[in-house]
Amino acid sequence: MIDFTLSEMQETVRQMVHWLAENEIRPIALEADRTHQIPDAFLRKMKELGISSGAISKRAGGDGDGAGESADKKGVKQTNRVAVIGAEEMAWGDPAVILTLPGPGLGGPPVEFMGTAEQKAKYLGIFKDDELRWGAYGLTEPVAGSDVAGIKTTARRDGNHYVLNGRKCFITNGARASWVVVFATVDASKGRAGHRAFVVQKGTPGFSVGKIEEKMGLRASETAELVLEDCRVHQDDLLGGEKHYEGKEGFMGAMKTFDSTRPMVAAMAVGIARAAYEKAVEFTKEHFDLGRPIARYHAVEDLLARSQRRIEASRLLVWRAAYMADAGMPNAKEASMSKAYAARTAVDVLSDLVQVMGAAGVMNDHFVEKWFRDIKVYDIFEGTGEVQRIVISKRILRDLKSF
Amino acid sequence: MLSLGLSEELTAIQGTVREFAAKHLRPKLRAIEKNGLGADTRARFAELGLFGVDWPEAAGGQALGLITRAVIEEELAYGDVGAALALDRGGAAAQLLLALGTPDAHAALKRLLDGEGHAALAAAEEGKARDDFRTVAAKQGSGWVLNGKKAYVLGGATAALRLVLAQVDVGQGLAGAGVFLVEGANPGLRAGKTHTTLGLQAVPVHELVIEGLMLPLAARLDDQVSLPQVLRRHYDRLSLVTAARAVGLAAASYEYARAYAEERVAFGKPIGHFQAIAFLLSDMAIAVDAARLMTWKAAWAFDQRQPATADLAGAQAQALEAAFFCANSAVQVLGGAGFVQDHPVEKWMRDAKTLALYGQHAQASHAVLAAAALGRPLDSADLFPLPSLHASLS
Ligand SMILES: Cc1cc2nc3c(=O)[nH]c(=O)nc-3n(C[C@H](O)[C@H](O)[C@H](O)COP(=O)(O)OP(=O)(O)OC[C@H]3O[C@@H](n4cnc5c(N)ncnc54)[C@H](O)[C@@H]3O)c2cc1C
């Protein structure tokens, strides 16, 4: 069936999250960008309302923590659709602030997909109380970003423990996180088969925070370097347990999380682009040149229209990827398509919309200047645009194993 | 609830049309481009019983909605877009009749459905520089007499049914124009020169010379309706059909280039294994899917009777962009082989450019989109975009 109507739950989430984005998130965004800080009071309020990073929790109409399930009365799973619809609205509020909302963040999906029942209870359970807590995802290293298989952080078995050594960089909420999912290798010669994911708790001896990055955009979001020096992690904190890594599963687990997180990140790009588009429409209607609103000049109109339809196309690609995930269809290609297209579109659109707003476009108080700085990284993290195209290429071209 | 898979019924229709297109259109596309569709191909398509599926029952159709039409047109155009255009006996004229929606218009559609001929819309005029049409209709006794000249009429010379747009009230622009129905041959109307076109050559494009064309009073079809509004609805429907064909063309180009890139070897490996080619193919795949989703969404909105003008215009612009991007890229991927006529991609590139000029062209659809976004009324340029460049049937 082709049906573009949002379900009752989807529509409720959309409206509620939009209300929050407009009334709670947007008003603090510029200040948070300037100070690189987010007020605690705001974070507490979000927590109370059940709005967490990367997921809509039960109280907010979803069902559970982290990447929990949500299903309608007939039991039709719609977790991913609800998540992307919520993510678009949140990012519409502000793309940086939302990355700091308390919750498991990008650390949630690997625990969900790979964790044992005990591990899920242990790590996701901590978000149930009233404290402000975060989780994080530590994959990237100074020497391995896109080339995930090339990570150098080592995990050496020692009795009931693993000893971790290495460095992680660009980790969102890495410093404030209660725990971080850290990817390491037990045998570098085995490539991906040697990879293991551990949950490393804050305060573990040998685990420390390095520098906090200064960035072009997303300044309200913390990006940290993490250092592991003879950091001992108990074998119970090996995500999924030993068994999980016997087949090809281990690495695939890490990759599988992308099938649901990439559409989410893409949805955020849609939200930012839409926010900027709305600002530009407003602006060009109210500002005049030679006696007519600049929106009435063909060149400007054309640009607005092109932005609008590409944003819409991005959204539909996101919805499709989420729909497939909910239906249990393999969607790695479609998830990458949504991310590749939505991110590039958003970068293009922001650049165009800053242009139509002229000087106002580069002034800090009009938002688009900030979003222009924020958006670029959406084409970089969660797999660069090139990496998305590698994923797609391998799925459309016969016998293509690597480039 | 948000759901993006085709129903079983639509999947079945899609399969049928895909098979037909693979068997009867793709293998003959050069012959069809040169000589038009053969009677045999037309007959086989007629057997499928798909003509008019989206028309209302009052017009003899099956009321299956634009979504069904979108699926069919995409598959036909996947076979070959020129053939898809030629197979459409209703063309833009049928869309205008549907937009009129009067009992007379429906009756004309029924006759078209029952017959075997095709319809043509004579709207555009060469060098039209003002709002009025130069073709005029004057009341004379108990009828009309029309005089003037129409340009870019697709299938104009041989049509069984023609709609002619002519000025009734001089100086009133579109609001003072009328739609006139001409069925069968008429001594007041003859074909002028045949235009040679860049692409979509399966359907010839003619000039129509109108001299003392006598018509009964009832030949005017827009008496009870507002022509600007009718034309808007006409473009809405037409946009969807164009969008669906553009998606088919884009998909065909993508798939052809993809398959070629797997086989063609350079520097010791298939060219598809070079990133420059593989990434380009990835972007083509994305463009196709994005355009298809936009097209489905617009068709769905129209079928739901939601205000769909902006969606339809957006879908058309997105799909035409995808079509040219994919066809152009396909030629690039094939290299020299793409430029010669042993492969269909050079044709599809010409067709893509041409498709973007028939009906509501790309700039006009952006104007329509922007009007919706800015909350401004559509002006006559949006309703009847650049008439001098406007080809009348697509
Ligand atoms: C604000 C921010 C937050 C982040 N948060 C996290 C986080 O929470 N957790 C985490 O683990 N990581 C995080 N990252 C890291 C992010 O995922 C990486 O930056 C990203 O994967 C790219 O890796 P890289 O920066 O090392 O670039 P590189 O891999 O060095 O790539 C550089 C360039 O080369 C291109 N390239 C690389 N390989 C190929 C290839 N095979 N073919 C073609 N082109 C190629 C890339 O596309 C890119 O354009 C974050 C980054 C930023 C900026």
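**Figure 1. The ligand in this predicted model, seen from B:Gln275.** A nitrogen atom of the ligand is 2.7 Å from an N or O atom in the side chain of B:Gln275. The model is predicted. Chain A contributes a contact through a side chain: an N or O atom of A:Thr384 lies 2.7 Å from an oxygen atom of the ligand. Chain A also contributes through its backbone, where a polar atom of A:Tyr137 is 2.7 Å from a nitrogen atom of the ligand.

**Figure 2. The residues around the ligand.** The ligand is surrounded by 19 residues. The closest are A:Tyr137, A:Thr140, A:Ser146, A:Phe170 and A:Thr384. The surrounding residues come from chains A and B, so the site is shared between chains.

**Figure 3. The interface of chain B and chain A.** Here 44 residues of chain B are in contact with 49 residues of chain A. The two chains bury about 4400 Å² between them. Carbon and sulfur atoms account for 64% of that area. On the chain B side, B:Met1, B:Leu2 and B:Leu374 supply 19% of the area buried against chain A. No other three residues of chain B supply more.

**Figure 4. Polar and charged pairs between chain B and chain A.** The rule finds 9 salt bridges across this interface. One joins the side chains of A:Glu301 and B:Arg376, at 2.5 Å from N to O. Polar contacts link 25 residue pairs across the interface, with both residues at pLDDT 80 or more. Several elements of chain B each supply at least two residues to the side that touches chain A. They are strand E1 (3–4), helix H8 (227–263), helix H9 (275–303), helix H10 (309–334) and helix H13 (362–374). H9(B) gives the most, with 15 residues. By residue class, the chain B side divides into 24 nonpolar, 10 polar and 10 charged.

**Figure 5. Domain 1 against domain 3 in chain B.** Chain B is divided into domain 1 (8–114), domain 2 (119–219) and domain 3 (227–393). This view takes domain 1 of chain B and domain 3 of chain B, whose centres, taken over C-alpha atoms, are separated by 19 Å. Contact involves 29 residues of domain 1 of chain B and 35 residues of domain 3 of chain B. The area buried between these two domains is about 2800 Å². Of this, carbon and sulfur atoms give 64%. Within domain 1 of chain B, the most area is lost to domain 3 by B:Arg30, B:Leu66 and B:Glu74. Together these residues make up 24% of what that side buries.

**Figure 6. Salt bridges and helices at the same domain boundary of chain B.** Domain 1 of chain B and domain 3 of chain B have 7 salt bridges between them. In chain B, the side chains of B:Arg245 and B:Glu73 meet in a salt bridge, 2.9 Å from N to O. The count of residue pairs in polar contact between the two domains is 15, with both residues at pLDDT 80 or more. Four elements give two or more residues to the domain 1 side: helix H2 (29–35), helix H4 (65–79), helix H5 (81–87) and helix H6 (91–100) of chain B. H4(B) gives the most to this side, with 11 residues. The residues of the domain 1 side divide into 15 nonpolar, 5 polar and 9 charged.

**Figure 7. Domain 1 against domain 2 in chain A.** The domain assignment of chain A gives domain 1 (8–128), domain 2 (135–249) and domain 3 (255–401). In this view, 24 residues of domain 1 of chain A are in contact with 25 residues of domain 2 of chain A. These two domains bury about 2000 Å² between them, 63% of it on carbon and sulfur atoms.

**Figure 8. Pairs and helices between domain 1 and domain 2 of chain A.** The rule finds 1 salt bridge across this interface. The side chains of A:Lys122 and A:Asp237 meet in a salt bridge, 3.1 Å from N to O. Polar contact is counted for 10 residue pairs, both residues being at pLDDT 80 or more. On the domain 1 side, helix H1 (8–35), helix H4 (108–114) and helix H5 (117–125) of chain A each supply at least two residues. This side of domain 1 of chain A divides into 14 nonpolar, 8 polar and 2 charged residues.

Notes. Residues are numbered from 1 along each chain as its sequence is written. Chains are lettered from A and ligands numbered from 1 in the order in which they are written. This is a predicted model: local features need pLDDT of at least 70, side-chain atom pairs count only at pLDDT 80 or more; totals for chains, interfaces and linings use all residues. Side-chain values use heavy atoms; hydrogens and water are left out. Domain bounds come from an automatic or database domain assignment. Contact means heavy atoms within 4.5 Å. Buried area is the accessible area (1.4 Å probe) that two parts lose on being put together, summed over both. A salt bridge is a side-chain nitrogen of Lys or Arg within 4 Å of a carboxyl oxygen of Asp or Glu. A polar contact is a pair of N or O atoms within 3.5 Å; within protein, one must be able to donate a hydrogen and the other to accept it, and residues adjacent in sequence count only if both atoms are side-chain atoms. Ala, Val, Leu, Ile, Met, Phe, Trp, Tyr, Cys and Pro count as nonpolar, Asp, Glu, Lys and Arg as charged, and the others, Gly among them, as polar. A residue is near a molecule or strand if one of its heavy atoms lies within 4 Å of it.
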